[in-house]
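Please look over the sequence and the 3D structure shown here, and then use the notes that follow as a guide to the sheets and the nonpolar cores.

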Amino acid sequence: MAIKIGDKVRFLNSVGGGIVRGFQGKDQVLVEDEDGFDYPALIRECVVVGSDDMQVHSDNRPKVKKPVETPVVIKQEEPEEKLVVRETPEGERLNIYLAYLPVDPKAMQQSRYEAYFINDSNYCLFFNYMNRQHNSWMSRYHGLIEPNTKIFLEEFGKEDLNNLERVCVQCIAFKKDKPYSLKNSISVELHLDTVKFYKLHCFLENDFFEEDALVYLVVRQDVPEKELLVSAAELQEAMLQKKQVDKAPARAAQPKKDDSPILEIDLHIHELLDNTNGLSNTDILNYQLEKFHEILARYANKKGQKIVFIHGKGDGVLRKSIERELKTRYKQYYYQDASFREYGFGATMVTIK
């Protein structure tokens, strides 16, 4: 959203704000405070009060085509505006994401990328986004983000990907001028698969952008993401077990015994159908997803029920489709990779909430 003269803005990384009275160069605006004094401020550190979409894709970033070297100051009285936060029942729990978008999806090998921080909750967040360098951390962006908002963090190139393999987000949640439930401070470390930044199909449809994006979950329903850390020996053992599982006869697509707290559903097509003649890959995928929806509907009222869906690793089409459904249609459910010791890396466990 472009900032123009007369807009009322507030500062992202400091207290205060005012009315935009002019521009200084391409990067700064002159902001008149309530006492009538003009202060220079960076455009990227200002946000228009009352906007529902504070900072979005690069096409809508603040731009100044014709800088005004001699700002014209026109004093005028305007009624005090207050940013109205539209709260939702779901927003009382923190859901926080990092998102990455290619600047030029048609030229992935040369494209640069944009990073965004997404606050899908009713809370304001003080946050710090950083990356690991050797044995220390480097802050890449820190500031305040309003409720139910996404904010642009940075643009970077492929030369920066090696530095972004390990990133960390720290947050403190609060509400302005109203009572709220206390949230624990958050510190989450993530491992970014930088190989995905070279593959267009890894950028998927999502709820936050019109463009496809690579979205990483930081906090889900107040619960910080925990990265699965395994040793080299455990990883080697898991790969050997996976090979044995692939060679072993497939199990029937049926739940475990009734006294087991975890249900197991095998979505391999040869376990669902006796004959697949005449079925295209799309037909097979749709049938597997129908089975997935059928099982979740059957146990929708059984809170705490854990269901393991065995989808195999393969080329990842079924796995990605299941994850997309869980992120959009079944947001209220918690999911994670199932035990790699038992299933290798080819199963997802869903917990009914």
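Which residue in β5 stands opposite V9? The residue that stands opposite V9 is V48 in β5. This is a predicted model, in which local features need pLDDT of at least 70 and side-chain atom pairs count only at pLDDT 80 or more, while totals for chains, interfaces and linings use all residues. Residues are numbered from 1 along each chain as its sequence is written, and side-chain values use heavy atoms, with hydrogens and water left out.

**The five-stranded sheet**

- Five strands, numbered from the N terminus (a strand being a DSSP run of E with at least two residues), form an open sheet in the order β4-β3-β2-β1-β5 with antiparallel pairing, where two strands pair if DSSP finds at least two bridges between them.
- Because β4 (38-42) and β5 (46-48) stand at the edges and each has a single partner strand, one side of each is left without a neighbour in the sheet.
- From one strand to the next the twist averages 50°, an angle taken between N-to-C directions of lines fitted to C-alpha atoms, on a range from 0 to 180 degrees.
- Strand β1 (residues 8-11) runs antiparallel to β5, and three bridges join the two.

**The four-stranded sheet**

- Another open sheet has four strands in the order β9-β8-β11-β12, again with antiparallel pairing.
- Here β9 and β12 stand at the edges with a single partner strand each, so one side of each has no neighbour in the sheet.
- Neighbouring strands of this sheet are turned by 20° against each other on average, direction ignored.
- β8 and β9 pair over nine bridges in the antiparallel sense, with M130 opposite S139 in β9, and they form a hairpin with two residues between them, where H134 in the turn has a positive phi of about 60°.
- β11 and β12 pair in the antiparallel sense over six bridges, and the bridge partner of C168 is E189 in β12.

**The nonpolar cores**

- A nonpolar core is a set of buried Ala, Val, Leu, Ile, Met, Phe, Trp, Tyr and Cys residues joined through side-chain atoms within 4.5 Å, and buried means under 20% relative accessible area (1.4 Å probe, protein chains only).
- The largest nonpolar core has 35 residues, and those with the most contacts inside it are L98, Y100, F117, F127, Y129 and L153.
- Among the strands that each supply at least two residues of this core are β6 (96-102), β7 (113-119) and β10 (149-156).
- A second, separate core has 19 residues, including L263, L285, L289 and I307.

Conventions: Buried < 20%, exposed > 50% of the residue type's maximum accessible area, 1.4 Å probe, protein only.
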